[in-house]
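Here's a quick walk through a two-chain model, going from single residues out to the chains and back. Keep the viewer open while you read.

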Amino acid sequence: MSNRAISTANLSRIENSLSEINKKIDASLSSTQAINTTNLSNIENSISHINHNIGVMYNEVAQANIRLDATQSSIQQLTKEFKEYVRHDQLQKNIQLAETRLVKVRQEIEKNYGHYDDVRRRALGILQAVDISLVRKETIESASEEQLIAAPSYWLAPCLIALSAWINNNKELAEKSVLEALRRDDEKTSLFFTLVARRGGRYLSSKLWLERYLSQQDPNELKKEIVVLIDAFSNGVFGVDARTKCVTIIQKWIDELSQKTGFVEEQRDQWKIALHAKQQGLNSNDYLHLAEYSPTWMKLKNSMEGAQLHLIIFDYFNSILSKEVIPSATLVIAVDELLEGLVSEYDEEEQPLKKEERMFELIIKQDGDKDKAQQLFGQEKLFNECVNFTQLLTNFAMYPEKSNASIATQKLAIALSKEWINHAHQDLTAENRSQVPLDVDIQIDKWTGTTRDGSNEEELVQQLKDYLDSERDHALSNNKIGFGSWFSLIAGIGLTYFAISMPFLFIFVAAFILAFFIKKSKVMKSKAVIDELYSNTFDNHKTILLAVLSDVVDYRREYSNEDAKSEYVEQLLENVSPVHYIYSTYDINRKVL
Amino acid sequence: MRRPIIGTNHNVQVDFQINRSTKTTVELQPLMVEKLLRQKRSTSYVDTVTRLDATGVHCRKEDVEKMIEELQNEFPELLEHQLPIGIVSKCYLGEPYEVHSLDTQLQIVEHYKRGSVLPNGMEKARILAMNPNYEFVEVFTSCICAVARNGQISMIRE
């Protein structure tokens, strides 16, 4: 009985407990459903927000990259400007230094050799005074003696005494003075009296003095005065006999020099340097596309400059050879000019300072660029104390202003050197021709192609298209739904199965599937962008390519035209002969003494 | 009587013609060689070398030997190692051939297509050889000489 009572009581308690549990489960189930609906929409929002944030972040990174590039280019620009500034500053300092030193050197020249100038001026004055007979012989004599005292070691001073003694018929003094002058400087004295005697119309004396002068010359080491002699000879001022003598001597010199091994080669090299120095830079507006898009451009540019040199050389020689020799108004002036050249130019002892002076002048002229100045100085070679005859010829022909060469002398120099000029020019031409690139490389961005004469346009356009297509395909192949996205999709599908038993997993299912579709949408958009980008790139590159090919065609045409002008020089020099360029209408003398 | 075993042939052929060799045995100095190479080439030499291309892709051995003999005659003062390594000239066989060369050591004529490199340092002569202003180019160890139709020389030193 009692057992039954317990059992009934317990059963009712158990029933109550079960009903409470059931209520709780119901409550729990209803709350879970509520979480599902509200939270899923929240999660979706969050994911799209995160996606938006990622997009923003991506843009910021891209902008940061742009800013970084801009900063880098600014730094490069700054470095470039800084270097330019430093160089500019250095050049300015070089100019200032050169200007200061130039003043000092000129002061030193004036201080040390200023009195030589007095002697030179008086020498000219005496010669002119004698001409016009306005000065008393005593005055001339007195002035000459004063100069001897003022310039104790200068060769011109005893020459002046000899001259005045000659005028005064004082043979003994004249001879003594001449001996002293010869002792001081035999060559210059001989030349001085050659010119003075010629000025007086005394051809025999002039010729004797001239022979004395020439007999002392070594063609390997000619003194600077030979400039005057050749100028006089080529202008025909020494008369017919002396001219014949000069021709013989000059030919002898050249024959003698040519016997030396390596001499002719040296001449050719000298002429090559001199001719090459005439080369000018190409116009910077020519072949703009070729210059920008061809790695071969520098070679092409050098070759074109070399080809354009033919016409420059032709014009240069032609202008000299076709120029009419207009002699000075009278013989007296011509002789005066020669004498003036002899007596007014500086002496050997003045040369070191004169060299410095010239160097500083060149530095200033080259805007402070010492290297360029040094190069020009080396090319001039005008301050060599001794030069060989053919070097003089080069100087006469190529540097007439600096070598004091008249037109007649330039013509003679060209005529005597024509064989060397021709050889040098032929070698230069061959060198230039051997440097012309057969194939022209083209580089547009990363695409490279080659053309010879621009005729393979279609082939190159196709190559460019193939290249860009390949690049586009490569870009498209990279623009795909990645492993992560596919995994996301698979994970989403896989989780669905588990989500049926555990509904909260639907959150992740939704997230995974959403991520996949966002990625897919992006890939589709990028594909369209890539297609458009490569299409535009092709159009742009094709335009550039056609412009470059057009430049190549123009270049080849112009090069061919310019190169053909190399024959002009040969044809011009072919008929040139030294005999044709000796001026012979100068044989009238004026008796002034 | 003993049988003579020596001097049985009394009809000895005596050749009185002396083979005079004009080939020098003295090596010239480089500057002298250069001077020599500057000299205008003879017409017969230029003609012979110019005919190099006329024989087609394959050159007969006799032609090559004749050409080398002509070359040696052109420079009798030079020793063998001072002679040209080879001669390069424009090839008129048409595309894709550009130049051909006579290798004087190997005694062969080769034709070279566009893009193929000439051996033994002869590549440096290619551009000049293709230039219509020159008939052919001689390649020496120290220089190359471009020869014009009239035999005039343009030299490029190394």
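## A tour of the model

Let's start with Gln351(A), which sits in helix α13 of chain A. Keep in mind throughout that this is a predicted model. Is Gln351(A) buried or exposed, going by its C-beta neighbours? Somewhere in between: Gln351(A) is partly exposed, because 15 other C-beta atoms lie within 10 Å and a buried call takes 20 or more. Along the chain, Gln351(A) is 242 residues away from Ile109(A), yet their C-alpha atoms are 9.8 Å apart in space.

Glu211(A) makes a good companion to that. You'll find Glu211(A) in helix α6 of chain A, which covers residues 203-215. Glu211(A) is partly exposed, with 15 other C-beta atoms inside 10 Å. Its partner here is Ala242(A), 31 residues off in sequence and 8.5 Å off in space, C-alpha to C-alpha.

Here are the two pairs side by side, with both distances taken C-alpha to C-alpha.

| Pair | Apart in sequence | Apart in space |
|---|---|---|
| Gln351(A) and Ile109(A) | 242 residues | 9.8 Å |
| Glu211(A) and Ala242(A) | 31 residues | 8.5 Å |

Zooming out to the whole of chain A, contacts like to reach across the sequence: of those with a separation of 6 or more, 75% are between residues 24 or more positions apart. Chain A has 593 residues, 28% of which count as buried. As for secondary structure, chain A has 21 helices and two strands.

### One helix up close

Pick helix α4 of chain A, residues 171-184, for a closer look. Its 14 residues take it 20 Å from first C-alpha to last, close to the 20 Å you'd expect at 1.5 Å a residue. Which residues of α4(A) are buried? They are Ser177(A), Val178(A) and Ala181(A). Looking down the axis of α4(A), these buried residues fall within an arc of 105°, so they line one face of the helix. Over on the other side of α4(A), Glu172(A) and Arg183(A) are exposed. The cover over the buried residues of α4(A) includes α3 (156-167) and α5 (186-199) of chain A.

### Positive phi in chain A loops

Now for some backbone angles. Most residues other than glycine have a negative phi. Tyr287(A) has a positive one, near 55°. Tyr287(A) is in the loop between α9 (263-276) and α10 (288-293) of chain A. Tyr287(A) counts as buried because it has 22 C-beta neighbours inside 10 Å.

Asp367(A) isn't a glycine either, and its phi is positive too, at about 55°. That residue belongs to the loop between α13 (351-365) and α14 (370-380) of chain A. Asp367(A) has 13 C-beta neighbours inside 10 Å, so it counts as partly exposed.

### Over to chain B

Chain B offers a hairpin to look at. Its strands β2 (residues 97-103) and β3 (residues 108-113) run antiparallel, joined by six bridges. Asp103(B) stands opposite Ile108(B) of β3(B). Four residues lie between the two strands of the hairpin, and Gln107(B) in that turn has a positive phi of about 55°.

Where do the chains meet? On the chain B side, 13 residues are in contact with 13 residues of chain A. The elements of chain B that each supply at least two residues to that side are α1 (30-37), α4 (126-130) and β6 (153-157). Of these, α1(B) gives the most, with four residues. Sorted by class, the side of chain B that touches chain A has seven nonpolar, four polar and two charged residues.

### How far to trust it

Finally, the scores. The model gets ipTM 0.80 and pTM 0.64. Chain A averages a pLDDT of 81, with 82% of the residues scoring at least 70. Its residues 584-593 stay under 50, and the model has 27 contacts for them beyond four places in sequence. For chain B the mean pLDDT is 78, and 80% of its residues reach 70 or more. Residues 1-21 of chain B have a pLDDT below 50, and beyond near neighbours in sequence that stretch has zero contacts in the model.

Notes
Residues numbered from 1 in each chain as written. Chains lettered and ligands numbered in written order. Predicted model: local features only at pLDDT ≥ 70, side-chain atom pairs only at ≥ 80, totals over all residues. Expected span 1.5 Å × (residues − 1). Buried ≥ 20, exposed ≤ 12 C-beta atoms within 10 Å, placed from the backbone. Arc of directions from axis to C-beta. Contact = placed C-beta atoms within 7 Å. Nonpolar A, V, L, I, M, F, W, Y, C, P; charged D, E, K, R; others polar. Pairing = 2+ DSSP bridges. pLDDT = per-residue confidence, 0-100.
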